[in-house]
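Subject: Structure handover

Hello,

Here is the structure I promised you. Please open it beside this email and follow along.

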Amino acid sequence: MASLDYLKKLTCDRPETCAQPRDLITETESNRGRIIQSAALRRLQQKTQVYPLETNAAVRSRLTHSLEVQQTGRYLAKTILDQLKQKGELAKLGLEGIETAFTNLVEMSCLLHDVGNPPFGHFGEAALSRWIQDHGKACHHKAMTRQSAINGQTGHSELFYQVLLPDLAVFEGNAQGLRIIHSLQALNLTWSQLAATIKYTRPPYQNKTTGFAYRQKKPGFYYSEQHLIRDMWKHLEIEENCRFPLVYIMEAADDISYCIADLEDGVDKGILSFRSLSFWLKEVWQEFTGEKSRYLPEIIKTAENAAKDNPQNFIRHLRSQLVRDLVGYAANRYLHKHTDVFHGKLDEPLIDGGSDQHLALRTLKTVAIRHVFSSQEKETPELRGYAALMGLLDIYRPILELPGAAFSNLDNLDDGEHFIEHRLNHRLSRKYKAAYFRAVQQIRRENYSPAEQNDLEWYFRTRLILDYVGGMTDHFVLTEYQSLSAI
């Protein structure tokens, strides 16, 4: 245990050095201020959790869900710290006196965990990914053909086919979150805070590696942030394909929060009654366990008794008991697997292992998938969102078909020649365009071939369009599509 030194993981350092470095707790409080005041976090109030375009304020948005995850993460972090204190191990681990910093980092990673989600959630991810898969290569070919007519350069680099196009073809909220908080919003969070948000350890263009199945389940960062990731690994002594330890806490807090919240929202929407929810929970529990354990049925029975006077007590009791049990289980697993967790080598979530608590979590998730997520209340708005997202990308397609030189100099070119592209360019975020221009300037300073420079410019231009559309709120996607398509 003595070899685990959290002072190597929890640091004051930031990617952009601050003039006056302060103590660790103050720096984590600075992270909190930057995050809470960021536009990316505010946008979550109008982004889907489960039900797109929801008008009932009691049903969760991404922001209210993130606040609940933040609170659960705080509870779990404090439970872990309390157990370490009782064992007299805080000082050995370098945590004595910086417990507040540990908790702050967990809380803010929980608050940020969904910040990269596009409009319409996972359905939006699928839409943005499919559009690039269907049209990206053709747009790139047209842009490069026009480029060759200007400067005579022809051909595509191997970098484009092996890295850049596969990277663009998977829009992933986790990877986009890192891009938003660092490359687009430029929050300059501490290395520890950035690392605490990164759930997965590979980019989209890299295939899964044997032995890292869980940590590489999804992409965790894009090619555009690969240098940031490598600097982070170096600063925090994280081995390649390994996680930062506090990520396991954030992930567990998310699992605990949404598995209960999604069912509660289903009840609030009238998709499930308390009785039907109770019935399906028992059915799925029996399916998973054959009733070898009475753990979840006993909790349900107590919740049913509590609901006799007030039906709302059913969810309230179910939630309080499960949160308490799941947090305790996750804390015990964190400490039981502490060495693997600290070094980021544990290739499974904390709430795993086939225990009663793990099976209860699986039961809640399964009931939500079978009886909440498949409802027309959810699917009809998703289909509207899909049509709007695909339509918006079609509208912005001319930007991706321009030669690089024309787009980079679009504000100075003749409006008559590029009248559509001019007007589309004016709608793009200035902050996101600034990130594009910074990336292009960096490309020109590095040792790339002319073909690679052209392909990289197009890559970052496509990222710009994905950043803009992916950053929209659910309602804005529909109104913007209706406005531009004259529907």
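Start with helix α5 (residues 121–151) and helix α6 (residues 158–168), in what is a predicted model. Their axes come within 10 Å and cross at roughly 135°. Angles over 145 degrees would count as roughly antiparallel, and 65 to 115 as roughly perpendicular. The angle here falls in neither range, so α5 is oblique to α6. The crossing of α5 and α6 is right-handed. Look for Ile132, Gly136, Lys137 and His140 on α5. They make the contact with Phe160, Tyr161, Leu165 and Leu168 of α6. By class, this contact has five nonpolar, two polar and one charged residues.

Now go to a second helix pair, α3 (62–86) and α10 (246–268). The axes of α3 and α10 come within 8 Å. They cross at roughly 130°. That makes α3 oblique to α10 as well. This crossing, too, is right-handed. On the α3 side, the contact uses His65, Glu68, Val69, Thr72, Gly73, Leu76, Ala77 and Ile80. On the α10 side, the residues are Ile249, Met250, Ala252, Ala253, Asp254, Ile256, Ser257, Tyr258 and Ala261. Sorted by class, the contact of α3 with α10 has eleven nonpolar, four polar and two charged residues.

Next, the pockets. Which residues lie nearest the centre of the largest pocket? They are His122, Lys218, Asp254, Asp255 and Tyr258. Asp254 and Tyr258 also belong to the α3 contact with α10. The largest pocket has a volume of about 850 Å³, and 39 residues line it. Several helices each supply at least two of these lining residues: α3, α5, α7, α10, α15 (356–371) and α16 (376–400). Which of them gives the most? That is α15, with seven residues. By class, the lining splits into twelve nonpolar, eleven polar and 16 charged residues.

The second largest pocket holds about 740 Å³ of space. It is lined by 25 residues. Closest to its centre are His182, Ser183, Ser224, Ala439 and Gln442. Four helices give two or more residues to this lining: α7, α9, α19 (430–445) and α20 (450–470). The most come from α19, with six residues. The classes here are eleven nonpolar, seven polar and seven charged.

Then there are the cavities. Rolling a probe the size of a water molecule over the atoms shows where empty space is left. How many cavities of 30 Å³ or more does the count give? It gives three.

The largest cavity has a volume of about 90 Å³. Its lining is made of Ala195, Ile198, Tyr200, Thr201, Ile229, Met232, Trp233, Ile238, Cys242, Arg243 and Phe244. Helix α9 (residues 226–236) has the largest share, three residues. Find Ile229, Met232 and Trp233 in the model to see that part of the lining. Nine of the lining residues are nonpolar, one is polar and one is charged.

The second largest cavity has a volume of about 70 Å³. One part of its lining is Leu112, His113, Asp114, Val115 and Gly116. The others are Gly173, Asn174, Gly177, Leu178, Ile181 and Thr197. Helix α7 (residues 173–184) gives the most, with five residues. Here the classes are four nonpolar, six polar and one charged.

One last thing to follow is helix α7. It supplies at least two residues to the lining of the largest pocket. It also gives two or more to the lining of the second largest pocket. And it gives the most to the lining of the second largest cavity. Trace α7 through the model and you will pass each of these places.

Best wishes

Key: Residues are numbered from 1 along each chain as its sequence is written. This is a predicted model: local features need pLDDT of at least 70, side-chain atom pairs count only at pLDDT 80 or more; totals for chains, interfaces and linings use all residues. Side-chain values use heavy atoms; hydrogens and water are left out. On a 1 Å grid over the protein atoms alone, a cavity is a set of points where a 1.4 Å probe fits but cannot get out, and a pocket is an open set with protein on both sides within 12 Å along at least five of seven lines; lining residues have an atom within 4 Å of a point. Grid points are joined across faces, edges and corners, and a volume is the space filled by probe spheres set on the points. Ala, Val, Leu, Ile, Met, Phe, Trp, Tyr, Cys and Pro count as nonpolar, Asp, Glu, Lys and Arg as charged, and the others, Gly among them, as polar. Axes are lines fitted to C-alpha atoms, for helices over the stretch in contact, and angles run from 0 to 180 degrees between N-to-C directions. Angles under 35 degrees count as roughly parallel, over 145 as roughly antiparallel, 65 to 115 as roughly perpendicular and the rest as oblique. A crossing is left-handed if the near helix is turned anticlockwise from the far one by less than a right angle, and right-handed if clockwise. Contact means heavy atoms within 4.5 Å.
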